[in-house]
Amino acid sequence: MLSYILYTNMSFYQFLTMLLIFSLPFIPEQFVATPIKILIGIFSIIILPVFYKEFVLDIKIKFLPTIFFLAFIFVTAITTTFSIDYEKSIMQFYIFLCFFVVFVSIRSIFPSFKSKELLTLLFLCIVSILSFISLYNTLVRHYVNRESLSFLWIYHGHNHLSALLVFAIPLALYFLKSYW
């Protein structure tokens, strides 16, 4: 029954993932914003059925990345109990748990090569849009934000668009090599 529900709702999970990936970079203060933490938490809760199925399978076949991530979560839980600042530590632990759920589930949400290519193309489009916005804010408006980090503008002399480009450039080169 669960596999039937997952199979019929997989396009829903794909749509939801793409919607989340599209919206996150455009929220200001990406690295500290509460709305991002809430969205990632809600998304993690929604994909829990997929996570459960994949997690059990990963443990059964001893999939090393999942086991290492699980060990990381375990160590993080222990260190969180000894933290000086519980509020920040618990929030970081919550984010790591959400990332773990997404990490384990994403292979099942995008199982085919074509669906993975679609996700990659969406990511490249988002990075291109962010690059143009960042260039406009930097070169035309000369806008410098001294309050928050973002992909959209300079923060104390630099922006964080390069963090996205580190992932986007190899993906773009792959598409150039494959389709040209």
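The axes of helices H3 and H4 come within 8 Å and cross at roughly 105 degrees. H3 is therefore roughly perpendicular to H4, since an angle of 65 to 115 degrees falls in that class. On the H3 side, the residues that make this contact are Phe55, Asp58 and Ile59. On the H4 side they are Thr66, Ile67 and Leu70. By class, the contact of H3 with H4 comprises four nonpolar residues, one polar residue and one charged residue. I should state at this point that we are looking at a predicted model.

Between these two helices, H3 spanning 48–61 and H4 spanning 64–81, there is a loop, and Lys62 lies in it. What is the backbone phi of Lys62? The value is positive, about 55 degrees, although Lys62 is not a glycine. The relative accessibility of Lys62 is 60%. Lys62 therefore counts as exposed, because the threshold for that class is over 50%.

Let me turn to the second partner of H3. Helix H5 covers residues 86–109, and its axis comes within 8 Å of the axis of H3, with a crossing angle of roughly 85 degrees. H3 and H5 are therefore also roughly perpendicular to each other. H3 contributes Leu48, Val50, Phe51, Lys53, Glu54, Phe55 and Asp58 to this contact. From H5 come Phe100, Val101, Val104, Ser105, Arg107, Ser108 and Ile109. Sorted by class, the contact of H3 with H5 has eight nonpolar, two polar and four charged residues. Phe55 and Asp58 of H3 take part here, and both are also listed in the contact with H4.

One residue of that contact deserves a closer look. Ser108 belongs to helix H5. Is Ser108 buried or exposed? With a relative accessibility of 9%, Ser108 counts as buried, because burial requires a value under 20%. Ser108 and Phe51 are 57 residues apart along the chain, and their C-alpha atoms are separated by 8.6 Å.

A second serine brings us to helix H2, which comprises residues 34–46 and contains Ser44. Ser44 is buried, with a relative accessible area of 5%. Which residues does Ser44 contact, leaving aside its neighbours within four places in sequence? They are Cys98, Val101 and Val102. Val101 also appears in the contact between H3 and H5.

That leads to the cysteines. Cys98, a contact of Ser44, counts as buried at 5% relative accessibility. Cys125 has a relative accessible area of 45% and is partly exposed; the value falls short of the exposed class because that class begins over 50%. A search of the whole structure finds zero disulfides.

I close with the protein as a whole. There are seven helices and two strands. Along the sequence, the elements follow the pattern α-α-α-α-α-α-β-β-α. The protein has 180 residues, of which 37% are buried. The exposed surface amounts to about 11600 Å², and carbon and sulfur atoms supply 76% of that area. As for contacts with a separation of 6 or more, 67% of them are accounted for by residues 24 or more positions apart.

Note on methods
Residues are numbered from 1 along each chain as its sequence is written. This is a predicted model: local features need pLDDT of at least 70, side-chain atom pairs count only at pLDDT 80 or more; totals for chains, interfaces and linings use all residues. Side-chain values use heavy atoms; hydrogens and water are left out. A disulfide is a pair of cysteine sulfur atoms within 2.5 Å. Buried means under 20% relative accessible area, exposed over 50%, partly exposed in between (1.4 Å probe, protein chains only). Helices (H or I, at least four residues) and strands (E, at least two) are DSSP runs, numbered from the N terminus. Contact means heavy atoms within 4.5 Å. Accessible areas come from the Shrake-Rupley method with a 1.4 Å probe; for residues, only the protein chains shown count as cover. Axes are lines fitted to C-alpha atoms, for helices over the stretch in contact, and angles run from 0 to 180 degrees between N-to-C directions. Angles under 35 degrees count as roughly parallel, over 145 as roughly antiparallel, 65 to 115 as roughly perpendicular and the rest as oblique. Ala, Val, Leu, Ile, Met, Phe, Trp, Tyr, Cys and Pro count as nonpolar, Asp, Glu, Lys and Arg as charged, and the others, Gly among them, as polar.
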